[in-house]
Amino acid sequence: MRRSRSVSSAGLRLVCFSACSLPLLFAVYWSFTAGLGANPIEALTHHTGRWSLRLLLLCLAMTPLQHYLGKPWPILLRRQLGLWSFFYLCCHFALFLVFDLEFSMRLLSEELLERPYITAGFTALVLLSPLALTSTRGWQRRLKRNWKKLHRLIYPAAVAACLHFLWKTKISELEPYAYALILAVLLLARRLK
Amino acid sequence: MKISRSEITPEPLFWNRRRFLHGLGLAGVAGALGLPTRAAATPAVPSTDYAAGEKPNSFAQISQYNNFYEFGTDKRDPAKHASALTTEGWRVRVTGACSAGGDFSLEELLQRVSLEERIYRLRCVEAWSMVVPWLGFELGPLLQTFKPTPEARYVAFETAVRPKEMRGLKRSSIDWPYREGLRLDEAMHPLTFMATGLYGKPLPKQNGAPIRLVVPWKYGFKSIKSVVRIHFSSTQPKTTWNMLQPSEYGFFANVNPNHSHPRWSQARERRIGELFKRDTLMFNGYADAVASLYEGMDLRRYF
């Protein structure tokens with residue numbers, strides 16, 4: 001009984017891992033087949049940013065989902081989803097840093113000070129970095145109760161990420177509003193729990 | 001579109017001519033001096049390089065990365081969906097403060113002008129840019145044929161509205177038709193161009209077939225596509241992006257690296273086909289020719 005459950009949870013994690021790696025595999029495939037269009041840097045930046053936000057929201061949905069279903073499996077995927085989201089966020093920021101700013105700290109600080117959407121996006125990166133670093137069981141043990149407190153930073157990070165997308169978009173596109181709405185529902189679901 | 005096959009420049013010939021120019025070193029020298037290069041070489045259509053010898057973007061890049069919200073907001077939407085547009089029997093209505101306006105077929109208008117090729121830089125407000133070999137004609141002489149009256153101080157333009165052909169019109173956030181406008185002296189400026197073709201071929205629909213404006217020193221959104229109306233007025237016309245977000249998009253919309261969009265920098269741009277960004281030039285590099293139009297104006301206020 002116990003064994004079959006651990007086998008199925010390993011299987012579930014593997015399925016989740018494969019699914020989360022798909023945006024990466026597609027990005028690599030498109031990069032080598034001219035599938036990114038005329039502005040490949042922009043396409044990759046948008047692609048990685050979108051998937052980072054989507055996976056962050058999915059990660060946040062796991063706890064409410066667990067309560068709703070009364071089953072433990074969503075919690076098994078939570079860390080992995082968070083780490084994948086952070087991975088795509090790092091790719092997103094790296095593309096910006098390398099191709100838009102060419103590592104210029106002067107340009108980066110200008111952007112951070114003058115562009116609210118950059119400030120919001122960078123805030124999300126800063127808030128999520130310690131969560132990714134302390135995502136291991138070892139850190140969980142070491143930080144004890146503080147671990148849970150620290151990891152509540154995911155909420156302001158998600159808000160910052162949604163603002164980043166909302167403030168960047170040129171015209172009233174539906175997509176960033178959809179993510180903001182999903183986040184609002186998820187935050188509300190926690191309050192009502 | 002009535003351009004006979006013999007008049008247009010096929011892509012290979014185009015490249016031969018460019019190589020020829022480079023061979024003579026003319027394009028580079030004239031470009032460095034900020035002078036346009038006149039090439040006599042090809043049959044029928046004269047070509048002028050206004051991009052300082054820079055290599056034009058490929059036809060695929062120019063025709064597959066477009067902003068034309070009537071066909072969708074994604075850059076690839078226009079190439080996918082603009083084929084639905086009917087350009088046969090295209091008419092342009094010329095109204096307002098002019099004594100020889102009317103309702104003209106495109107052919108009637110083209111009879112009044114002579115076609116030429118011009119290679120211009122195009123800078124989008126979204127901080128990307130291209131180099132485009134347009135086929136078309138100077139707008140000023142055409143406008144003169146409509147005999148604008150002394151009250152005419154501005155020229156307004158409108159894009160076609162075809163709900164059955166333009167799937168993007170369903171989006172109600174924009175008050176269609178797409179509108180643009182220029183001060184009359186801007187419209188009469190020798191750099192202001194109407195394009196009917198690209199790379200010697202008729203204009204692809206996603207690029208604004210059959211006739212579009214090209215104002216190379218302004219952000220791309222000023223260069224209105226698929227024009228069906230030209231209106232002379234005494235007051236500054238309403239323009240689409242300015243109506244949507246007046247704090248972000250001004251009436252003038254001159255390319256200006258020193259005046260950033262409220263949400264992003266305009267100091268640099270990514271040339272399509274390049275990985276890194278390059279510095280944006282004042283008036284998109286056409287300052288010598290157009291800066292005098294704005295003498296004494298505060299460009300931070302009239303952005």
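## An all-helical chain A and its partner, chain B

Chain A has nine helices and zero strands, where helices (H or I, at least four residues) and strands (E, at least two) are DSSP runs numbered from the N terminus. Read from that end, its elements go α-α-α-α-α-α-α-α-α. This is a predicted model, in which local features need pLDDT of at least 70, side-chain atom pairs count only at pLDDT 80 or more, and totals for chains, interfaces and linings use all residues. Residues are numbered from 1 along each chain as its sequence is written, while chains are lettered from A and ligands numbered from 1 in the order in which they are written.

How confident is the predictor about chain A? The mean pLDDT (the predictor's confidence in each residue, from 0 to 100) is 92 for chain A, with 95% of its residues at 70 or more. Within chain A, helix H1 (residues 2–32) has the lowest confidence, a mean of 87, and helix H5 (residues 116–133) the highest, at 97.

On overall dimensions, the C-alpha trace of chain A spans about 55 × 40 × 35 Å along its principal axes. Its radius of gyration is 18 Å, which agrees with the value near 16 Å for a compact globule of 193 residues; the radius is taken over C-alpha atoms, and the globule rule is 2.2 Å times the number of residues to the power 0.38.

Here are the two chains side by side. Buried means that 20 or more other C-beta atoms lie within 10 Å of a residue's own, with C-beta atoms placed from the backbone. A contact means that two such C-beta atoms lie within 7 Å. The last column takes contacts between residues at least 6 apart in sequence, and gives the share joining residues at least 24 apart.

| Chain | Residues | Buried residues | Contacts at least 24 apart |
|---|---|---|---|
| Chain A | 193 residues | 24% | 65% |
| Chain B | 303 residues | 44% | 68% |

Now for two helices of chain A. H5(A) has 18 residues and reaches 26 Å from its first C-alpha to its last, close to the 26 Å expected; the expected span is 1.5 Å times one less than the number of residues. Its buried residues are A:Ile118, A:Gly121, A:Ala124, A:Leu128 and A:Leu131. They pack against helix H3 (73–100), helix H4 (105–114), helix H7 (145–151) and H8 of chain A.

Helix H8 (residues 154–168) of chain A, with 15 residues, should span 21 Å, and its end C-alpha atoms are indeed 21 Å apart. Buried in H8(A) are A:Ala157, A:Ala158, A:Ala161, A:Cys162, A:His164 and A:Phe165. These cover an arc of only 150° around the axis, so they sit on the same side of H8(A); the arc is that of the directions from the helix axis to the C-beta atoms. The buried residues of H8(A) pack against helix H2 (40–69), H5 and helix H9 (174–192) of chain A.

Over in chain B, there are nine helices and 14 strands. B:Trp217 is found in the loop between strand S11 (212–214) and strand S12 (227–233) of chain B. B:Trp217 counts as buried because it has 28 C-beta neighbours inside 10 Å. Setting aside neighbours within four places in sequence, B:Trp217 touches B:Leu191, B:Asn254, B:Val255, B:Phe283, B:Asn284, B:Tyr286 and B:Val290.

As for where the chains meet, the contact takes 14 residues from chain A and 17 residues from chain B. The chain A side divides into six nonpolar, three polar and five charged residues. Here Ala, Val, Leu, Ile, Met, Phe, Trp, Tyr, Cys and Pro count as nonpolar, Asp, Glu, Lys and Arg as charged, and the others, Gly among them, as polar.

Technical notes
A residue is buried if 20 or more other C-beta atoms lie within 10 Å of its own, exposed if 12 or fewer, and partly exposed in between; C-beta atoms are placed from the backbone.
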